[in-house]
Structures are given as C-alpha cells and as structure tokens.
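Please open the model in your viewer and keep the sequence panel beside it. The tour below moves from one selection to the next and says what is found at each stop.

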Amino acid sequence: MRPLSEKDIRSSFVNCTKGEAGRAPLPRDLTGTPWDDLDFLGWRDPGSPERGHLVAEHGGRLVGIAFGSPAQRKRGFLHRSLCSLCLTAHPSGGVSLMTARKAGKSGREGDSVGLYACTDLDCSLYVRGLKTPGAGGRLDESLSTAEQIDRTRANLAAFLDRVLA
C-alpha cells in the first residue's frame with residue numbers, strides 16, 4: 001500500500017459525512033506505519049473501541065469505511081473465531097463483527113453490511129507472518145504467502161463492493 005496522508009484518509013470515506021470524517025481519530029503514527037506490508041490501513045478509535053476505520057485502494061481510488069462493532073461477549077476459554085478477510089483463527093475476542101453503513105442513499109436509509117474481521121485490523125501482518133495471534137498462531141495452509149495475500153485482498157474487495165453497492 002502506498003503511504004497515506006491525513007488528507008488522503010479523510011477524503012476517502014464513502015459511508016459517513018464530511019464532518020464525521022473530519023472528526024474521526026487517525027492512527028497515531030502515520031510516518032511509522034509499515035506501508036509496504038499493508039493491504040489496507042485499519043485502526044480502532046482509542047476513545048471508543050467499538051468504532052473503527054479502514055482505508056484501502058479499490059477500483060483505482062482510495063475507499064475509506066467507518067464501521068461499528070458491538071461489545072464483545074465473554075466466552076469460554078477454548079472458543080476460537082476466524083477472520084473472514086485473512087482467515088486467521090483467534091482466541092476469544094480476537095475477531096469482531098464489524099458493521100458498516102452502505103455508501104450513498106441506501107446507507108442514509110439505514111442499510112449496512114457486516115464482516116467478521118481481526119479485532120485489531122492487523123490482517124496484513126498476520127498473513128505475512130509479521131504478527132501472530134494469541135494461543136497457537138495461524139493455521140497451517142498449503143497456499144503460499146503470496147496466495148494468502150491475494151485471497152485477503154480478494155475478500156477485502158468483495159466486502160468493499162458490498163459497501164459501495
């Protein structure tokens with residue numbers, strides 16, 4: 001992913017108002033972001049962890065999504081969940097349902113789409129082996145890292161298509 005500026009990020013949002021985009025907290029250290037290892041920039045709002053944001057290159061442009069995530073319920077120790085973007089298995093709390101208003105008129109009328117994703121939005125780092133989830137790490141796969149990256153990007157593109165539809 002190419003490095004992004006604050007202006008790039010704020011102008012990319014497709015499912016919130018300009019005012020909401022202007023008030024959204026940004027990641028703390030954009031200059032220290034490992035851009036070459038990212039398929040998208042994702043972050044949670046430190047003041048309100050049920051809110052998050054994601055920015056990705058899609059269809060030749062930047063697309064930013066604001067989303068919400070319901071409060072996590074406590075589950076048993078052995079419960080594991082699977083991210084639908086990168087297919088990383090996490091122990092309880094490591095995957096969250098993220099819901100995003102659709103772009104345009106349908107979003108203003110209340111339509112939304114959801115996705116189960118890594119709670120910390122570090123899918124790109126998990127796929128590349130630069131970060132490991134707790135309790136056991138990633139599942140062994142026969143796909144190469146490059147193929148897993150392609151799959152993650154395809155899953156992300158499908159989600160963004162649903163938001164933009």
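Select Asp-122 and Lys-131 and display their side chains, which in this predicted model are joined by a polar contact of 2.5 Å. Asp-122 sits in the loop between S7 and H4, and with a relative accessible area of 19% it counts as buried, because the cut-off for that class is under 20%.

From that loop, step back to strand S7, residues 112-118, and add strand S6, to which S7 is joined in the antiparallel sense by 7 bridges. To check the register, pick Arg-101, which stands opposite Ser-112 in S7. Next add strand S3, residues 61-68, which pairs with S6 (residues 95-101), again antiparallel, over 2 bridges; here Phe-67 is the residue to pick, standing opposite Ala-100 in S6.

Now select helix H5, residues 145-164, whose 20 residues reach 28 Å from the first C-alpha to the last, close to the 28 Å expected at 1.5 Å a residue. Colour its buried residues, among them Ile-149, Leu-156, Phe-159, Leu-160 and Val-163, and note that Gln-148, Arg-151 and Thr-152 belong to the buried set as well. The buried residues of H5 pack against strands S2 (51-58), S3, S6 and S7 and against helix H4 (123-127).

The next selection is the largest nonpolar core, which has 27 residues and in which Phe-40, Cys-83, Leu-85 and Leu-160 have the most contacts. S2, S3, S6, S7, H4 and H5 each supply at least two residues of this core, and H5 gives the most, with 5 residues. Centre the view on Phe-40 and show its surroundings: leaving aside residues up to four places away in sequence, Phe-40 touches Met-1, Leu-54, Val-55, Ala-56, Leu-85, Leu-121, Cys-123, Ser-124 and Leu-156. Apart from the largest core lies another, of 16 residues, including Met-1, Cys-16, Ala-21 and Trp-35.

Finish with the cysteines. Why does Cys-83 form no bond with Cys-123, the residue that holds the closest cysteine sulfur? The two sulfurs are 3.7 Å apart, which is too far for a bond, since a disulfide requires sulfur atoms within 2.5 Å. Cys-83 itself is buried, with a relative accessible area of 0%. Then select Cys-118 and Cys-86: the sulfur of Cys-118 has its closest cysteine sulfur in Cys-86, at 3.6 Å, and therefore too far for a bond. Cys-118 is likewise buried, at a relative accessible area of 0%, and the structure as a whole holds 0 disulfides.

Conventions
Residues are numbered from 1 along each chain as its sequence is written. This is a predicted model: local features need pLDDT of at least 70, side-chain atom pairs count only at pLDDT 80 or more; totals for chains, interfaces and linings use all residues. Side-chain values use heavy atoms; hydrogens and water are left out. Two strands pair if DSSP finds at least two bridges between them. Helices (H or I, at least four residues) and strands (E, at least two) are DSSP runs, numbered from the N terminus. The expected span of a helix is 1.5 Å times one less than its number of residues. Buried means under 20% relative accessible area, exposed over 50%, partly exposed in between (1.4 Å probe, protein chains only). Contact means heavy atoms within 4.5 Å. A nonpolar core is a set of buried Ala, Val, Leu, Ile, Met, Phe, Trp, Tyr and Cys residues joined through side-chain atoms within 4.5 Å. A polar contact is a pair of N or O atoms within 3.5 Å; within protein, one must be able to donate a hydrogen and the other to accept it, and residues adjacent in sequence count only if both atoms are side-chain atoms.
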